[in-house]
Amino acid sequence: MKTGIQILLWILCGVLAYAIYNSITGPIRFQKVKEERFTKVIAKLKDIKSAQEAHKSVTGKYANDFKSLISFIDTGNYTITQQRDTSFMVFDKVYKIDLQKDSTLIDTLGTVSVRDSLFKKDDRYKSLMNVPGALNGEKFTLKADVIDKGGYKVPVFEASVPKKAILGDQPADLLSRENAQSSVEEVDGPTIKVGSLSQVSTSGNWPPIYDRKKN
C-alpha cells in the first residue's frame with residue numbers, strides 16, 4: 001500500500017509539474033503562433049486596401065465585393081496627368097484695359113495598368129478573398145457603403161475576418177483573452193480588419209509592429 005501511495009504521489013507531482021510548465025509556456029507558444037498567422041493575414045489586408053484605394057481613385061467609389069474588385073485590377077487603368085501653370089491677358093470691361101489672368105492646365109499624358117502598378121507580374125490579387133491559414137477555408141468579408149459626414153457623402157469600405165478563423169485550434173481560454181484585447185500594442189477586438197463602415201478611415205486595427213514585419 002505504501003508503494004502504491006508513493007507511485008500515486010509521483011504521478012500527481014508529474015501532472016502538477018506539467019500543468020505549471022504548460023501555464024507558463026502555453027501563452028508564449030500562443031503568442032508566437034498568433035504573430036506568425038496574423039502577419040500573413042495583415043499582408044493580405046494591405047493588398048485589399050491598396051486595391052480598394054486604386055478602385056476609388058479611378059471610379060470614385062470602393063468595390064462592394066471581391067469579384068468586381070479583382071475584375072477592376074485586371075482591366076483598370078490609372079490616368080497619368082501633368083499640371084502646369086499658365087497665364088494670359090483678358091480685357092477687363094470695367095477698367096477698359098488688358099489684365100493678366102493666371103490659370104492651371106492639366107494635360108493627359110497616358111495611362112498605366114492598375115495591375116502592373118500594384119502587383120507587377122504577381123497574380124496573388126486573384127485570391128484576395130482567401131484568408132491565409134484559415135482553418136476551415138474562411139473568406140474575408142468585404143463591404144462598401146457611402147456615409148454622411150458633416151453633410152458630405154463619403155465612400156467607405158471594410159474588409160475583415162474573425163480571429164477565431166485563424167486561431168480556432170488554439171486553447172479556448174487564450175483565444176477568449178485575445179478576442180477581448182483593447183490595446184495599442186495588440187489587434188483590437190475579435191476581428192482583424194482594415195477600413196471602417198462607420199468612420200472615414202482606411203487604417204487597419206493592428207499595431208505598428210505588423211507594419212514593420214516583412215510580408
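From the N terminus on, the elements of this chain run α-α-β-β-α-β-β-α-α-β-α. That makes six helices and five strands. Please keep in mind that this is a predicted model.

A few totals for the chain. There are 215 residues, and buried residues make up 29% of them. The chain exposes about 14,000 Å², and carbon and sulfur atoms supply 54% of that area. Then the contacts: if we take those between residues at least 6 apart in sequence, 60% join residues at least 24 apart.

Now the sheet. Three of the strands form an open sheet, in the order β3-β4-β5, with antiparallel pairing. β3 and β5 stand at the edges and each has a single partner strand, so one side of each is left without a neighbour in the sheet. From one strand to the next, the twist averages 25°. As background, strands of a sheet pair through backbone hydrogen bonds, either parallel or antiparallel.

I will take the two pairings in turn. Strand β3 covers residues 141-149 and strand β4 covers residues 152-162, and nine bridges join them. To find your place in this pairing, look at Asp145, whose bridge partner in β4 is Val156. The hairpin of β3 and β4 has two residues between the strands, and Gly150 in this hairpin takes a positive phi near 65°.

On to the other pairing, where β4 and β5 run antiparallel and are joined by five bridges. A place to look here is Ser160, whose bridge partner in β5 is Lys193.

While we are on backbone angles, which residue other than glycine has a positive phi near 55°? That is Lys120. Lys120 sits in the loop between α3 and β3. With a relative accessibility of 58%, Lys120 counts as exposed, because the cut-off for exposed is over 50%.

Next, the interior. In soluble globular proteins, nonpolar side chains tend to be buried together. In this model the largest nonpolar core has 37 residues, and Leu45 and Ile192 are those with the most contacts inside it. Which elements give two or more residues to this core? They are α1 (2-59), α2 (66-75), α3 (114-119), β4, α4 (164-167), α5 (172-179) and β5 (191-195). The largest share, nine residues, comes from α1.

Leu45 is a useful residue to select on the screen. Leaving out residues up to four places away in sequence, Leu45 touches Phe140, Ala159, Ile192, Lys193, Val194 and Trp206. Two of these names have come up already: Ile192 as a residue with the most contacts inside the core, and Lys193 as the bridge partner of Ser160.

The last topic is charge pairs. Side chains of opposite charge can pair when their charged atoms come close. The structure holds ten salt bridges, and I will go through some of them.

One of them joins the side chains of Asp169 and Arg37, at 2.8 Å from N to O. This pair links distant parts of the chain: Asp169 is in the loop between α4 and α5, Arg37 is in helix α1, and they are 132 residues apart. Asp169 counts as partly exposed at 45% relative accessibility, and Arg37 counts as partly exposed at 23%.

Another joins Arg124 and Asp47, with the closest N and O atoms 2.7 Å apart. Arg124 lies in the loop between α3 and β3 while Asp47 lies in helix α1, so the pair ties together parts that are 77 residues apart in sequence. Is Asp47 buried or exposed? At 11% relative accessibility, Asp47 counts as buried, because buried means under 20%. Its partner Arg124 is partly exposed, with a relative accessible area of 33%.

A further salt bridge is formed by Asp116 and Arg115, whose closest N and O atoms are 3.9 Å apart. Asp116 counts as partly exposed at 38% relative accessibility, and Arg115 counts as partly exposed at 31%. Elsewhere, Lys34, Lys163, Glu178 and Glu186 are joined into one network by salt bridges that share partners.

To go back over the main points: an open sheet in the order β3-β4-β5, a nonpolar core of 37 residues with its largest share from α1, and ten salt bridges.

Methods
Residues are numbered from 1 along each chain as its sequence is written. This is a predicted model: local features need pLDDT of at least 70, side-chain atom pairs count only at pLDDT 80 or more; totals for chains, interfaces and linings use all residues. Side-chain values use heavy atoms; hydrogens and water are left out. Two strands pair if DSSP finds at least two bridges between them. Helices (H or I, at least four residues) and strands (E, at least two) are DSSP runs, numbered from the N terminus. A nonpolar core is a set of buried Ala, Val, Leu, Ile, Met, Phe, Trp, Tyr and Cys residues joined through side-chain atoms within 4.5 Å. Buried means under 20% relative accessible area, exposed over 50%, partly exposed in between (1.4 Å probe, protein chains only). Contact means heavy atoms within 4.5 Å. Axes are lines fitted to C-alpha atoms, for helices over the stretch in contact, and angles run from 0 to 180 degrees between N-to-C directions. Accessible areas come from the Shrake-Rupley method with a 1.4 Å probe; for residues, only the protein chains shown count as cover. A salt bridge is a side-chain nitrogen of Lys or Arg within 4 Å of a carboxyl oxygen of Asp or Glu.
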